[in-house]
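Here are a few exercises on the empty and filled spaces inside a protein. Have a look at the structure, try each task yourself, and then read the worked solution.

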Amino acid sequence: MSNVKHLECTICHRTYKDIPDMMTCPACGEKGILDVIYDYDKIRAVVDKDYFKHQDDHSIWRYLPFLPVDPRYTKNTLRVGMTPLYDSLELGQSLGIDNLYVKDEGLNPTQSLKDRASVIAVVKAKEAGYDTVACASTGNAASSLAGNSAKVGLSSVIFVPKRAPTGKLAQLLAYGAKLFKVDGDYRDTYELSKQAIAKYGWYNRNAAVNPFLVEGKKTVALEIAEQLDFDVPDWVVVSVGDGCTIAGVFKGFMDLFEIGMIERIPKLLGVQSEGCQPFVSAWESNEDLIPTAENTIADSIAVGIPRNPIKAIRAVKNSTGRWISVSDSAILEAMRLLGKTEGIFAEPAAACALAGLIKARKLGFINKSDRTVVMCTGNGLKDTANALSAFKEPTLVKNDISELDAQMR
Ligand SMILES: *Cc1c(COP(=O)(O)O)cnc(C)c1O
Ligand SMILES: [Zn+2]
């Protein structure tokens with residue numbers, strides 16, 4: 001099956017044959033991120049609303065006609081995707097939004113949205129005949145790649161910055177990855193991984209340079225649309241680090257628009273933490289992205305040099321959405337609210353999206369009647385240290401009911 005026409009450079013628009021280990025445009029170098037271009041006539045010929053009614057695969061592979069993979073390699077993967085889209089009445093009420101939905105991506109097999117990209121990476125690595133895959137990551141892409149590799153029998157080599165939370169490291173090690181903790185920040189980590197991947201010839205799962213990963217991430221938008229019976233929301237709110245997730249969300253809606261299954265594209269609200277907000281700053285100043293420091297508790301989006309700026313900026317702009325940033329304390333506040341009203345425990349980078357929505361609602365550019373989906377991109381158990389900092393110490397009591405009575409008062 002090939003629904004893919006070719007790969008196209010986002011800068012010079014040269015096109016290339018779709019080969020499974022193609023990375024960036026040879027003419028433009030590392031900045032020449034490629035986009036996968038589909039033959040929408042072929043997809044349209046297979047996919048309509050009935051297609052979904054009769055589709056009994058409850059994973060990302062139900063969207064195979066939209067994906068650049070060889071189905072022969074998709075059989076024995078982890079079960080990625082088909083996460084719940086909750087109708088969040090209580091949370092909606094507290095924000096003053098009539099129709100609010102939370103997409104809980106923390107319920108993916110390694111507890112973050114990154115699984116949607118990693119499962120594509122391991123399938124592409126298999127197609128291309130590699131036995132080892134590698135990436136640099138602030139943590140979630142790492143643990144996700146490790147888990148997805150383990151399931152399909154590939155080895156993984158992972159580079160994380162020194163500050164990666166222990167929950168993610170424990171996960172990685174349990175999945176049997178070869179782990180290097182880099183003495184530096186994410187930028188240093190990324191640089192070292194780049195050199196190592198070139199030197200040792202591993203399959204490259206670095207999200208921005210690998211053109212196929214955004215295609216996996218886009219399935220979250222396909223799912224949101226399907227879960228809302230193709231009546232898409234007004235806004236989708238996403239936290240942003242490298243920019244691949246928000247670019248993927250846009251691509252998913254565009255695919256459905258191209259085949260005539262939805263009538264418009266939701267506006268995208270890209271949310272960053274004030275301690276690391278290169279996209280927000282570039283948007284506010286209307287200038288190019290400048291590298292910034294990485295000072296935030298939201299480790300998964302602490303990306304000082306985003307590697308996928310073109311697709312992310314284009315996504316927000318073409319959706320007529322906007323950018324916003326929030327403080328770390330607003331992130332912790334959003335984490336508490338999401339937990340208390342919805343029973344969902346988000347890691348800081350995931351709660352960042354909700355914090356952005358709260359701010360957008362206060363500033364008045366998202367209205368009460370706007371149907372809104374906020375994404376929770378990762379599970380809170382990955383980083384308990386920061387979560388605990390947001391709460392009071394639990395009360396210690398003796399095994400004595402009268403002491404408990406006193407405490408209850
Ligand atoms: C990676 C990640 C993001 C942001 O995705 P990018 O593609 O880096 O923009 C947001 N939240 C969580 C939990 C993540 O792991
Ligand atoms: Zn190019």
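**Exercise 1. Find out how much space lies in the second largest cavity of this predicted model, and what kind of residues line it.**

Step 1: Start with the volume. The second largest cavity holds about 30 Å³ of space.

Step 2: List the lining. You should find Val-102, Leu-338, Ala-350, Ala-351, Ala-353, Leu-354, Val-374, Met-375 and Cys-376.

Step 3: Place these residues on the fold. Two elements, α14 (348-363) and β13 (372-376), give two or more residues each to this lining. The biggest share comes from α14, with four residues.

Step 4: Sort the lining by type. It has nine nonpolar residues, no polar ones and no charged ones.

**Exercise 2. Work out how many cavities of 30 Å³ or more the structure holds, and describe the largest.**

Step 1: Count them. There are two cavities of 30 Å³ or more.

Step 2: Get the size of the largest. Its volume is about 350 Å³.

Step 3: Look at what surrounds it. The largest cavity has 31 lining residues, and those nearest its centre are Lys-114, Lys-217, Asp-242, Thr-245 and Ser-300.

Step 4: Find the helices involved. At least two lining residues come from each of α5 (140-152), α7 (186-200) and α10 (244-258).

Step 5: Sort by type again. This time you get 12 nonpolar, 13 polar and six charged residues. Set that beside the lining of the second largest cavity, with its nine nonpolar and no polar or charged residues.

**Exercise 3. Say which space ligand 1 takes, and trace its contacts with the protein.**

Step 1: Locate the ligand. The space that ligand 1 takes is the largest cavity.

Step 2: Pick out its neighbours. There are 16 residues around ligand 1, and the nearest are Lys-114, Asn-140, Gly-243, Thr-245 and Thr-377. Two of these names, Lys-114 and Thr-245, also turned up near the centre of the largest cavity.

Step 3: Sort the shell. It divides into four nonpolar, eight polar and four charged residues.

Step 4: Check the polar contacts, using the cut-off of 3.5 Å between N or O atoms. A side-chain N or O atom of Lys-114 is 2.8 Å from an oxygen atom of ligand 1. For Gly-241, a backbone N or O atom lies 2.8 Å from a ligand oxygen. For Thr-245, a side-chain N or O atom is 2.7 Å from an oxygen atom of the ligand.

Step 5: Finish with the cover. On its own, ligand 1 has 380 Å² of accessible area, and the protein covers 97% of that.

Definitions and conventions. Residues numbered from 1 in each chain as written. Chains lettered and ligands numbered in written order. Predicted model: local features only at pLDDT ≥ 70, side-chain atom pairs only at ≥ 80, totals over all residues. Heavy atoms only, no water. Near = heavy atom within 4 Å. Polar contact = N/O pair within 3.5 Å; in protein donor to acceptor, adjacent residues only side chain to side chain. Areas by Shrake-Rupley, 256 points an atom, 1.4 Å probe, with all protein chains shown as cover. 1 Å grid on protein atoms, 1.4 Å probe; cavity = no way out; pocket = protein on both sides within 12 Å on 5 of 7 lines; lining within 4 Å. Sits in = over half its atoms within 2 Å of the grid points. Nonpolar A, V, L, I, M, F, W, Y, C, P; charged D, E, K, R; others polar. Points joined across faces, edges and corners; volume = space filled by probe spheres on them.
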